[in-house]
Each structure stands twice: as structure tokens, then as C-alpha cells.
There are 6 protein chains.
Amino acid sequence: MSLEFDEQLSRLQKPNRNEMTDEEFEVFEKNVDAMKKNWGFINNLFKVLPLNASEYIGFLNFKNSLFNEKCYLSDADKEMIGLVVSSTNGCMYCLTTHGDYLRGFTGDPAWVDQLTYNYRDAKLTEKQRALCDYAYFVTDYPREIDGKQVEKLREAGFNDHEILEAAFIAGFFNYTNRWVGTIAPVPNQGHYYHNREKK
Amino acid sequence: MSLEFDEQLSRLQKPNRNEMTDEEFEVFEKNVDAMKKNWGFINNLFKVLPLNASEYIGFLNFKNSLFNEKCYLSDADKEMIGLVVSSTNGCMYCLTTHGDYLRGFTGDPAWVDQLTYNYRDAKLTEKQRALCDYAYFVTDYPREIDGKQVEKLREAGFNDHEILEAAFIAGFFNYTNRWVGTIAPVPNQGHYYHNREKK
Amino acid sequence: MSLEFDEQLSRLQKPNRNEMTDEEFEVFEKNVDAMKKNWGFINNLFKVLPLNASEYIGFLNFKNSLFNEKCYLSDADKEMIGLVVSSTNGCMYCLTTHGDYLRGFTGDPAWVDQLTYNYRDAKLTEKQRALCDYAYFVTDYPREIDGKQVEKLREAGFNDHEILEAAFIAGFFNYTNRWVGTIAPVPNQGHYYHNREKK
Amino acid sequence: MSLEFDEQLSRLQKPNRNEMTDEEFEVFEKNVDAMKKNWGFINNLFKVLPLNASEYIGFLNFKNSLFNEKCYLSDADKEMIGLVVSSTNGCMYCLTTHGDYLRGFTGDPAWVDQLTYNYRDAKLTEKQRALCDYAYFVTDYPREIDGKQVEKLREAGFNDHEILEAAFIAGFFNYTNRWVGTIAPVPNQGHYYHNREKK
Amino acid sequence: MSLEFDEQLSRLQKPNRNEMTDEEFEVFEKNVDAMKKNWGFINNLFKVLPLNASEYIGFLNFKNSLFNEKCYLSDADKEMIGLVVSSTNGCMYCLTTHGDYLRGFTGDPAWVDQLTYNYRDAKLTEKQRALCDYAYFVTDYPREIDGKQVEKLREAGFNDHEILEAAFIAGFFNYTNRWVGTIAPVPNQGHYYHNREKK
Amino acid sequence: MSLEFDEQLSRLQKPNRNEMTDEEFEVFEKNVDAMKKNWGFINNLFKVLPLNASEYIGFLNFKNSLFNEKCYLSDADKEMIGLVVSSTNGCMYCLTTHGDYLRGFTGDPAWVDQLTYNYRDAKLTEKQRALCDYAYFVTDYPREIDGKQVEKLREAGFNDHEILEAAFIAGFFNYTNRWVGTIAPVPNQGHYYHNREKK
């Protein structure tokens, strides 16, 4: 069954199948099929973004380059950074979907909810706290970034591969937060009830 | 001649050729060759980032997906957004390199310098001003983003393809600003003297 | 069974039964009994605050004066204001417990989670949005409060009794956020799993 | 003589005697009688708040629970916190009335005026300065509250009863500042000339 | 009697008569004599600043160029702007001395105290409010200054001479606030009790 | 040849020769003649300010009192402070003209451009960095100025004459930034191309 763009799911107009190449459309179908299998539904963002099809594929590939098996930090650490950044910026949609992901990775919905509110009072290892402090600082005080951020991450035990990756990830969510907030995709209700059992 | 990573050009350790696959290394060489041809030097950032080689290639591809011939906004408009975001965040390296690019695109160094300082008093068309106002707002007030940003861009005459792209671009520079500020690449002196003639 | 203060549940020392009058202790027991019946557990905050027993009773009475049947706004509207204020201030414990309350009042966990992230993209009536905008503004821009806040609430259809109550409630959470953040009570795990079914 | 609500003393409508129970009205009369005796005039706020009579009584009782003889900090220390919070938030009415109170407690109008402007350059004991720094921080940086605030107060010599009270008091003025700023009671001229002699 | 610099009245070292020319010293003596006659005491700032004698004379002349009979705005309007700027920046010494001046000009200590707290709820003509709004905005949001500030002042009825002067005056206090806050002169007690009678 | 005010070079009306005394006009002519000789053009600001002629002369004298041979800090250090302040406040015109001055003093356009973007990643001696940190702090956090700023400057090796001057200079640019931003003089194109050669 072919993906159809017949719902108004963001502030922008709906994508038009005719403006996409067959190759682009195939990427989408493959992508959303995976979602349907994993979640039982298609994350709405992915029905909105085909509006600018090739840029969307660029986003997908970019995301995959930072979230894959060859990465230095764990998926959970990267999603944690994502929640700290998105909470600082107040990005509702990102907190919704990435909260779901992190609940899936950790099996600890209580801890994840705490991160979406304010990481400071959540239970964190010293290394996790260093990542969160870093993510918060570069998000909220970009003009004041200096050598101390790298120093603190090193002191907490991170090597330079990990630090560069943490910087990319904090940057990644500062990127998504801006355009996601702008277009305001309608969040899938499913996310809020998903991965809600403590494991 | 092979690219060597023998200079300390950021806060992080130097990349190691041995940690890269031949395929990855080939991408870098091709990329820096193009720079040498165009500028006469290699943008230092590109000698620093092979530290996390596959993520860097992800960044390159991502950048290309937003800056190519099929895009909706002009290169100059996108670099203008980049300067507004980077000036708001105070990213020295990004203002250096993207200032150079935009001087190249416009042939108007005075106007570009103005954008790096504060776009508000620069000479701007109504459409350009709407883009700059948008870029500033989502950068500095992310928590307050709502429907008004899209409305204003539409009123200024942008269609939804362009608006989505503007959002991606404003996001893109909010991404680079965080990690570039963190690792602090040493800027090439060349950029400051390049494209400095009024055309 | 008597309440015992044998757990370290905040940054401050544990309360001491001997420093409380019997009358004060009775109030606590009655209060926590009600919680046990409703929730199956005692909100930890209420095991921490007997440290300053008479002030805690003052807090309880104060809270009751703003949340009772004679009030002008609905409980749901007041908890909504509470989430907006607490999200703006980043008060993890308040978002935890009052998120639970509001899920209970509304039976709509998805909507409540959205409010804890950023109310702007949640589905809101015009009147609800006016309350949220008000709560956000007085929380984050206290120095800039002027006549416009009352005007906007009136335009949205609120009478002066309701406006005064909204102001009290926005103030109430700006009060709790400061001391709750300071003492950092350990949140009960139960809250995160409570009232999580859509009704 | 019965209290009459015939003056327009805030942004909200005047209270109506008929909407109050006799019991509530009695509380007001007793309260304002005490003011007339002490000051020679009735603080206007107290002629405004009967609009929501039972909530106002809740406020009165709440205030009394934090300002009485069994409290841990001195009245002067608590009013000092109040001025720091109110100065940070720019609450004109609160600075007016609580400045008057603190002049009364200390007999030092010059010092009190300094606190209303900026406590940093006022003459303060180390303990007073720790309280002021605490009050400023939780008022202006609520999202960044963590364990350091309690630590610093302990280092300055405060015990946990006092710290909890300081937190309640800083919270209290963050509460009043929001609704007082919203309704904007007309300050009594008397306050500005009261307790103005150095003792 | 010659002025002597034998008191420690700021964070910086005391001025040294020997480092001043006779001409410079004469200016100081003349200046402080006038103060003694008007106030009965010498504003301490003027005993501190001879440390950099010729720069201090530069400051004196500069001040006189903005506060003299040929100016466009009234002295009271200019001191009002000064209080708004100094209150926004929290400059204790400037609020102390300029509060005294404005009490002298207006004979209305209550109104002046209100301005030092927050001008928004003080009684202001439309023109006064426009000046205060202007002063606040350029002080706290310098990066966002654009054409609207001049427009609003014109709409309120100011001509361009007055607008330029208002801009100079708002600038003047943003200048004094920085260095006065840095050196922290000890305020004369006398200011707090001076001009305290309603006229 | 007489200076004529026939161009619209700011948001305000053009100066009128008839409103100036001959003495005032002479000062202007002398001033602009010097510019023409040094730069080959007249800085537009100086054709705008005669609108309030005597205040403008006050500004000129004030500026000279802080920039002359008897000063304690070098001209380059003072212009560096000026760029840090103006970059923090986003004053386009000030960055334009003072960037030009500092390029002239240092012969290092690359370094100057870096200061206009963000001084933190520029190559700075410890003493220069202390001045820049000071200038940034008092500009952006005026309410939080306390004894630490003077301490840090002393630790970096500055004496009290230099510290007072640094404070005056940081203040000076906080002054110019406000009114220059307000009136928005049209920058001379010449500045952007001037002093652009590395020496």
C-alpha cells in the first residue's frame, strides 16, 4: 500500500507525491514501513517532511550518521543529550518522540520523564551529568562557549572521539528543535503511551 | 600528495590516518583538493573533523543536501541566514568562513560585514528582512516559537517549500555553532582577506 | 501505624518527631493517610516538610485555600497553569506530581505530557491559551508585567474573580518551584506510572 | 465604622461586601483595624483583595505562618530576602511596603534603600550576604537550582531549619511579586514617608 | 581648606594629590565646594575619581554638556530616564544620588521611589511613559534596537532634538552604571535622608 | 569649503546650520577636515550629530578625554574593549568604525575581525583576555557586578589607574551603543575597505 499525504499534520502544506521522484518516494516508503513494524504507526514528522523531499533524505542520512553502531557514545547517552537540549529549548515534539526512544533504550520511564523536566535532580552517573551539563551550557549560553567545556568532559573521563560526538549530538538537537518548533508536526498519540512499562 | 594531520588545529587531538578507512580518506582528499583549487588553502575545520571520520562524512553530505542546485532559496539567502544565526550565537569560526562565502556570492563585503555585526541596520529587501527576523527569533527564543513565525514568512511572500528550507538552514547553523564553538578550530588567516573586493 | 521519618528524602536533614507537637503530628498523619488511600503511597515531599512543622501546615492550608470547591477556575485549569509555570522554571518535582494530578483530572495523559514540555503546541481553547500565556509571561518576565496581562485575560472572557485567582495560582507555583528545587525531594516512582491510561 | 470598598485601588473591580460572609468580613475589619492603629492608614492591598475573600484569608494565614515568633530566621532577615527577590523581579508595590517594614525593624533607612536597589554593595554580614545571594539565584535562575545553594547556606552557618525557611521566604516573595504586579494596587503614599528616621 | 584624599571610599586606591596638576586640583575644589554648599557634604564619588584626574574632568564636562539650560528635555525628565536605566542595571550608587536629585527637582519622594523600583506602575504622562519605555528597551535589549524606538518617541510627541537627547541620556547612564558598579563608591548617608519631604 | 547637511544619513532629521553658533560650526569643520585628510571621507556620524550641536561637542570632548596620550591603557587595548562591548550589544555602526580604527592600530585585520565576532577564540595575552572578560561581564550582567571584576583585573596585572580607565572605556561604549543604535547612522562604505592589509 502506497503512502498518501492526505492529512494536515503540520503548519505547512501537505507534500505532493507528484513532486517527488520515484527514488525519493521509495526511500520514504521503506522508512515508514520500518516504523509501522516497530511502533504500529508512522511518526507524523515523516509524513510532513516529504514536502522538501531531497532535504528530508539528507536529514535521514545525517541522523543515521550520528546514530549507528560505529558511534562512540551509547544510544541512551545520545538520547539523554537530546532530551536535555530539547527541554532547554522547549521543543514539545522532540521531547515526545525522543522521550519514547529513550524509554525504549532504558526501560525506565520515570527517569526519562525526569530528564524531560530538568536533568539536574535525576539520578545520573558523574559521566552522564557531565554530558548533560555540557548539553545545557552550549544550548543556552552559546556565546560563552570556551575551552572549559572540553576540559570538563575530559575530566569526567571522556576521550576526544566521544567529546566530538557529544558536540555533534548537542548540535543535532539544536538543529531539529528550530525547524520542528517552526513547522509543529502533530505528535502521534501513540508515543505518549509507548514504552511506559518499567523493565 | 597525501593529506597529513600533523598540526594542532583545534582543542581536540589530531585525527589519525590509521583510524580511517581508505574510502573515508579518499572522500577527504577529494574534498580538500577542491578547496585548494578554489581558495588556495584548506579550511582548517576539514583537517580537524576526520577525528570522527564517518560522522564528518555525514556532516558533509548533510551540508550538501541543503546547499545544492535543487534548493528553493538562493545560496546568498541561505548564507545570510547563517550569518544572522552565527552572529546571534557569537560563533567566531562560522562567521569567518561563511562571511567569506557570502562575500563571494554577493561581491559586497561591506554588506556582509554588516550582517556579521547586526543585520537590523543593513540594507535588506522585505523578504530578506523576514528571513533574518525569523533566523534571529528561532535562535534566541526557541521556547517561544509558535505559529507567528510561519505566518510572517508567508506574509513576506515565501512559499512553504522555502519556509521549510529556511527552517532547516536556521537549524543547520544552530547545529554547527555548538560543536564548532566547542572544538574551536583555528581559522585560516586566508579567509579574512578573501573576497574583500567590491564587485 | 505511625508515620516515621527514617528515610533521607531530600537535601535537608530528616524531620524529628520530637520537635513536633502532637497536634502538628496529627495533621500530618491525617494528610498522609488520605494519600495512601488515593494513591497507594505517600508523596515524599510530605515526609520531608515536617522539618519545619508549623510552616508546613501553613503551606497545606494555603494550598487548600486555592484548591477547593469555592474557587472560580476549574482544578484542571489551575493545574494547567501550574505545569506551565513549573515547565518554565524547570521544576522537576512539581512537574512530576502536578502532571499526575492533571492526568487524573483530565484522563488525557498525552495532553498533559505536552503541557509539561511546552504548552504552545498543545491543543488549547482560546481561554486556556490565554491562561497559559499569562502564566508564562509573569513567570519569565516579572519586571515587564503591566496592564496588558489583565486586559488579555479579560478579552479571553475571564472575569475579575477568575483573573485574581489565576494570578494567585501562577504565583503559587512560582513559590513552590523555588523551595522544592532547593530541597529536591526524591520523587515517588509511583507518580510516573499513575493516571497513565487514556479515558 | 465598617470598611467600605468605594475606591478603585487596583486594575481589578472593587470588592463587594455582599459577596463576603460575615465571618470573612470580620477578619478584614480586624486586620485593617490593626493597620490603622500601627500606621495610621490601611495598606491598599488589603482593600483590594476581599474581591476573592476566602483566598485572601488564605494568603493572610499563609503569611502569618512564615512571619511569627516561632520562626527560625529573624524578621529582618526575612524582609531582607523579600527585598532582594522583589528588586530582582521589579515589584514596585512589594518594595514599597516591605521596604517600610524593614526600615521599621532596623531603624536604618539608608541600608534598606540600598537593598531595594542592589544588595551587592550594601554592608552585609557573611550570613546576610549568603541569604541574599541565595534569594537572587533562585529568583533569577530557577532552572539552574541544584545542590550548591543548600551547600553555600550551610557553609555560611545556617542550619537546615533556617535553610528551609529561607527557601519558603524566597518562594513567598516570588509568589506575591507575580499577582501584586498583575493587579497593581495603588500604593499608599504614607509608606514612602514612614520609618524614614535613622535610629 | 584643601580637599584631602585620606579615606578609602571605593574598591580602588585613594587619589594622590601629587599626581594631579594644580589646574586639575582647582577644578575639584571648586566642584566639591559647590556640593558642600548645596548638600552640606561632598558626594563621595567625587573624592574617588581624582585617581584619574583628567578623565574625571572629562566626565564632569561631559555631564555638564547633557545637563544644562540649553538642553531640550527638562532636568526631571532626564533624571527619570536615569533612574529607569539605573534600576534596570541595578546600579545602587546611581539610584542613590540621582534619586536624591530627582526628589529635589520634583518635590515628590514617593513618585521617585517608585521609579527606582519599577516605573511601570508609577503615575506617568504618556510622554513620560514613552521616555521610560525607550530607556528600558535600549538598556536591556540593545541588540534588538531598530527603527521602532524613534517611531514611538515621535508618536508620543517628541521632536528629533529631544529624541537625540533622550538617546544620549539613556546612553549616559548605561555608561556610569558600568564603572560606578565596578568601583563601588561608598554612598554618602546624607543622600538617603535628603529631599525626603513632600512639597 | 563649508560642510553642508544635505543628506539623510540617520533616522533623525538633518542638522540645520542656522541652529548652530559659528563657534560650534567651526569645531565641526575642523573635526571633519581632519577625517577627510586621514581617511579621505567624513565619518557620517559626524554629519548627523550637529542636530544637537553643543551636546555633540560634549561627546567629542568626552571621547578625547579617554583617548589621548596621557591615558593609561594603549589605544589598541581600548579599541579592543570597544569591540567586545559593541559585539555583545550588537552595535553595527560602532563595530564598523572601531573595527577600522583597531585595524589601523594593529595592522592585523584578521585578529580584529575575530574580536568583532567573539573575542573568546581570538589569540589574546592573559592581560588582554582579562580586559575582554571584564568588558563582556559588565556589559551583559550589570546587575551582578561585584568586587570580583576588580580583583580579576588586578590579578591579571593591571594597576588601579588602568582599571578605572578600563571601566570608563567599557562604560563609554555602552553609552555610544545605545544612541548610535537608536539613530542608526548610515555607515560609510569606506570603513569596510580601509586598513584591510596585513602589516
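Me: Let's start small. What is the relative accessible area of D75(D)?
Reply: This is a predicted model, so we're talking computed values here. A residue counts as buried under 20% and exposed over 50%. D75(D) is partly exposed, because its relative accessible area comes to 31%.

Me: And which helix holds both D75(D) and K78(D)?
Reply: These two form a salt bridge, with the closest N and O atoms 4.0 Å apart. K78(D) counts as buried, at 0% relative accessibility. They sit three residues apart, about one turn of the helix, and that helix is α4 (residues 75-89) of chain D.

Me: Zooming out, how many salt bridges does the rule find over all chains?
Reply: The D75(D)–K78(D) pair is one example, and the side chains of R196(A) and D113(C) give another, at 3.5 Å from N to O. Counting over all chains, the total comes to 67.

Me: What does the pair of R196(A) and D113(C) join?
Reply: Their side chains meet in a salt bridge at 3.5 Å, N to O. R196(A) lies in the segment after α10 (189-193) of chain A, while D113(C) belongs to helix α6 (residues 109-117) of chain C, so what the pair joins is two chains.

Me: R196(A): buried or exposed?
Reply: The cut-off for buried is under 20% relative accessible area. R196(A) has 8%, so it is buried.

Me: Which residues are linked with D113(A) in a network of salt bridges?
Reply: Start from the bridge between R196(A) and D113(C), whose D113(C) is also buried, at 2% relative accessibility. The network takes in that pair, and D113(A) is linked there with R196(A), D113(C) and R196(C).

Me: Where does D121(B), the partner of R11(F), lie?
Reply: R11(F) and D121(B) form a salt bridge, with closest N and O atoms 3.0 Å apart. The pair joins two chains, because R11(F) is in the segment before α1 (22-39) of chain F, and D121(B) is in the loop between α6 (109-117) and α7 (126-140) of chain B.

Me: What is the relative accessible area of D121(B)?
Reply: R11(F) is partly exposed, at 21%. D121(B) is partly exposed as well, with a relative accessible area of 29%.

Me: On to interfaces. How much area do chain A and chain B bury between them?
Reply: The contact takes 48 residues from chain A and 48 residues from chain B. Carbon and sulfur atoms account for 61% of the buried area, which is about 4,400 Å².

Me: Which three residues supply the most of the area that chain A buries against chain B?
Reply: No other three residues give more, and together they supply 16% of what chain A buries there. They are E55(A), F168(A) and R178(A).

Me: Which element gives the most residues to the side of chain A that touches chain B?
Reply: Between chain A and chain B there are 22 residue pairs in polar contact. The elements of chain A that give two or more residues to this side are α3 (53-66), α4 (75-89), α7 (126-140), α8 (148-155) and α9 (160-183). The one that gives the most, with 17 residues, is α9(A).

Me: What kind of axis relates chain A and chain B?
Reply: Chain A superposes on chain B by a rotation of 180 degrees, with 0.0 Å of shift along the axis and RMSD 0.0 Å. The two copies are therefore related as by a two-fold rotation axis.

Me: How does chain A meet chain D: through the same surface or different surfaces?
Reply: This contact takes six residues from chain A and five residues from chain D. Only 17% of the interface residues of chain A are also interface residues in chain D, so the copies meet through different surfaces.

Me: What axis relation links chain A and chain D?
Reply: A rotation of 120 degrees with 0.0 Å of shift along its axis superposes chain A on chain D. That is therefore the relation of a three-fold axis.

Me: Last one: how many residues of helix α6 of chain E are buried?
Reply: The cover over the buried residues of α6(E) includes α5 (92-106), α6 (109-117) and α10 (189-193) of chain D, together with α4 (75-89), α5 (92-106) and α7 (126-140) of chain E. Among the buried residues are W111(E) and D113(E). The helix is largely enclosed by the rest of the structure, because the count of buried residues is nine of the nine.

Note on methods:
Residues numbered from 1 in each chain as written. Chains lettered and ligands numbered in written order. Predicted model: local features only at pLDDT ≥ 70, side-chain atom pairs only at ≥ 80, totals over all residues. Heavy atoms only, no water. Contact = heavy atoms within 4.5 Å. Buried area = accessible area lost by both parts, 1.4 Å probe. Polar contact = N/O pair within 3.5 Å; in protein donor to acceptor, adjacent residues only side chain to side chain. Helix = DSSP H or I, 4+ residues; strand = E, 2+ residues; numbered from the N terminus. Least-squares fit on C-alpha atoms with pLDDT ≥ 70 in both. Buried < 20%, exposed > 50% of the residue type's maximum accessible area, 1.4 Å probe, protein only.
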